[in-house]
Structure formats: C-alpha cells, structure tokens
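This report describes the architecture of one protein chain, from its sheet to its helix packing and one loop residue. Please consult the sequence and the structure alongside the text.

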Amino acid sequence: MSRVFITPTGILRERWREAFPAARAAAKMARLTEQVLSDTGSLWLDAAQLPEQLRMPRVIAACALGRPVVVMVGVPAEGEAHAFLNAGAVGYCHVEAAPEQLQEIATVVEHGGLWMPPALLQRFLALTTRAAGSQVPQVQPLNELTSRELMVAEQVARGASNREIAEILSITERTVKAHLSAIFEKLQVRDRVQLALKMNNVPTYHTVN
C-alpha cells in the first residue's frame, strides 16, 4: 500500500520519502488513475503552496477520490482545520511534520480515525469539556478499562498529549500508545477525539461538527 502526495511541484520532500519509502507524488489529481488509487492508503494534499482561495476546492476534489485525505499546511489554524475536516478530510498537519509523526497520522486516518495537531486538538477538547459540563462518564463501558487505562483516558479527555500523559503518569510514550490502542478497542472508538467525547458523555456519531 502506498501513499500519494499531491503537491504543486510533483516532487516528494525528503521527510515524506523517509516516512513512506513507497510514496508517490503527483502534481495534478487528474493524473491519478483508478489503478493508482486502488493501491493508495491515503492522499496527502500539500496546501502550503496553494493560494488560500484554492485550498478548499482542492480539498473537496481530493476527498471526492474516495481515499482518506490529509491536508498539509505551513501554518495550522483552528478555523481552517475544522473547515477542511467538515469538507471531508480526516487529517490536518504541518507540511514539515517529522517522518515519525507522518507515520502516526497515516495509521490513525487509515484505520478510520481523525488527526489534527495536538495544540488544536487540545483546544477542541477543552471546548468540548466545557460544553459537556461536569457530567460523569457512563460507568458500564469504563468498567472494561484497567485502572491505568482509565487514567490515560481521563488525561486524553482533558486534552493532554501523549508526551504529557507519559510525564504525568511516569510511563513512556510507547506505553501510552499501547494503552490507547487497548482503550480504543474496548470502548469502540476510532481516535482520541471520540474517546474524549465519550469520556465527557458527548454523542460520538461524528468526530467533528
């Protein structure tokens, strides 16, 4: 399975190749054949070099191709992130994201999840928490979690990043990721956004509205 980067230059950046050795680049979406798309795990739209007025039309066109779309920008912004996600994209990140982060994003979006930069995600979850008030999460689903998994889930609901959770609980980031995988499976959620909404008793029919 390959990843396709749609970029005006038609050239892969070094960090993109490092993250995905089998990645392909395309300057125009019209050049992507059905055969290429059938073997594509996700589409990555380089919007950093696009004029602002062209970004949304390109995002919509990319989403129409039927593969998970990640939009990459030079300066991530909360309003733009929500607009693109509402248009059908499932990821939003910095165009210079590190290879390890690109791989993490691919794993999330290709398994049906949603990804946005931690800072934007924390603000989104903070707003969700305030909107939900002080409701107590439903007890029955949470009974399936171990005490450590519950601690991790509570930190996610507060908007903490993996690194922050690791520091708070004195564990490694690798352990945090392992706990999150178990939590997602037990609570039947796709990503940390849905987990936070579930912890705050907010319906999770959609990850972003």
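## The sheet

In this predicted model, an open sheet is built from 5 strands in the order β2-β1-β3-β4-β5, with parallel pairing. The edges are taken by β2 (24–26) and β5 (91–94); each has a single partner strand, so one side of each is left without a neighbour in the sheet. From one strand to the next, the twist averages 25°.

Strand β1 (residues 2–6) runs parallel to β2 and is joined to β2 by 3 bridges. Within this pairing, F5 stands opposite A25 in β2.

## Helices on the sheet

Helix α4 (residues 78–86) packs on the sheet, where α4 touches β4 (69–73) and β5. The direction of α4 makes about 145° with that of β5.

Helix α5 (residues 99–109) lies across four strands, namely β1, β3 (40–46), β4 and β5. Relative to β3, helix α5 runs at about 125°.

## Packing of α8 and α11

Two packed helices are described by the angle between their axes and the distance between the axes. For helix α8 (residues 147–157) and helix α11 (residues 192–199), the axes come within 8 Å and cross at roughly 95°. Angles of 65 to 115 degrees count as roughly perpendicular, and α8 and α11 are therefore roughly perpendicular to each other.

On the α8 side, the contact is made by L150, A153, E154, V156 and A157; these meet R192, L195, A196 and M199 in α11. By class, this contact of α8 with α11 comprises 7 nonpolar and 2 charged residues, with no polar ones.

## A buried loop residue

L50 is located in the loop between β3 and α3 (52–63). Is L50 buried or exposed? The relative accessible area of L50 is 10%; because buried means under 20%, L50 counts as buried.

Leaving aside residues up to four places away in sequence, L50 touches P8, R55 and R58. L50 and T7 are 43 residues apart in sequence, while their C-alpha atoms are 9.2 Å apart in space.

## The chain as a whole

The chain contains 11 helices and 5 strands. Of its 209 residues, 45% count as buried. The chain exposes about 10,700 Å², of which carbon and sulfur atoms supply 52%.

Contacts can also be described by separation in sequence. Among contacts between residues at least 6 apart in sequence, 61% join residues at least 24 apart.

Methods:
Residues are numbered from 1 along each chain as its sequence is written. This is a predicted model: local features need pLDDT of at least 70, side-chain atom pairs count only at pLDDT 80 or more; totals for chains, interfaces and linings use all residues. Side-chain values use heavy atoms; hydrogens and water are left out. Axes are lines fitted to C-alpha atoms, for helices over the stretch in contact, and angles run from 0 to 180 degrees between N-to-C directions. Helices (H or I, at least four residues) and strands (E, at least two) are DSSP runs, numbered from the N terminus. Angles under 35 degrees count as roughly parallel, over 145 as roughly antiparallel, 65 to 115 as roughly perpendicular and the rest as oblique. Contact means heavy atoms within 4.5 Å. Ala, Val, Leu, Ile, Met, Phe, Trp, Tyr, Cys and Pro count as nonpolar, Asp, Glu, Lys and Arg as charged, and the others, Gly among them, as polar. Two strands pair if DSSP finds at least two bridges between them. Buried means under 20% relative accessible area, exposed over 50%, partly exposed in between (1.4 Å probe, protein chains only). Accessible areas come from the Shrake-Rupley method with a 1.4 Å probe; for residues, only the protein chains shown count as cover.
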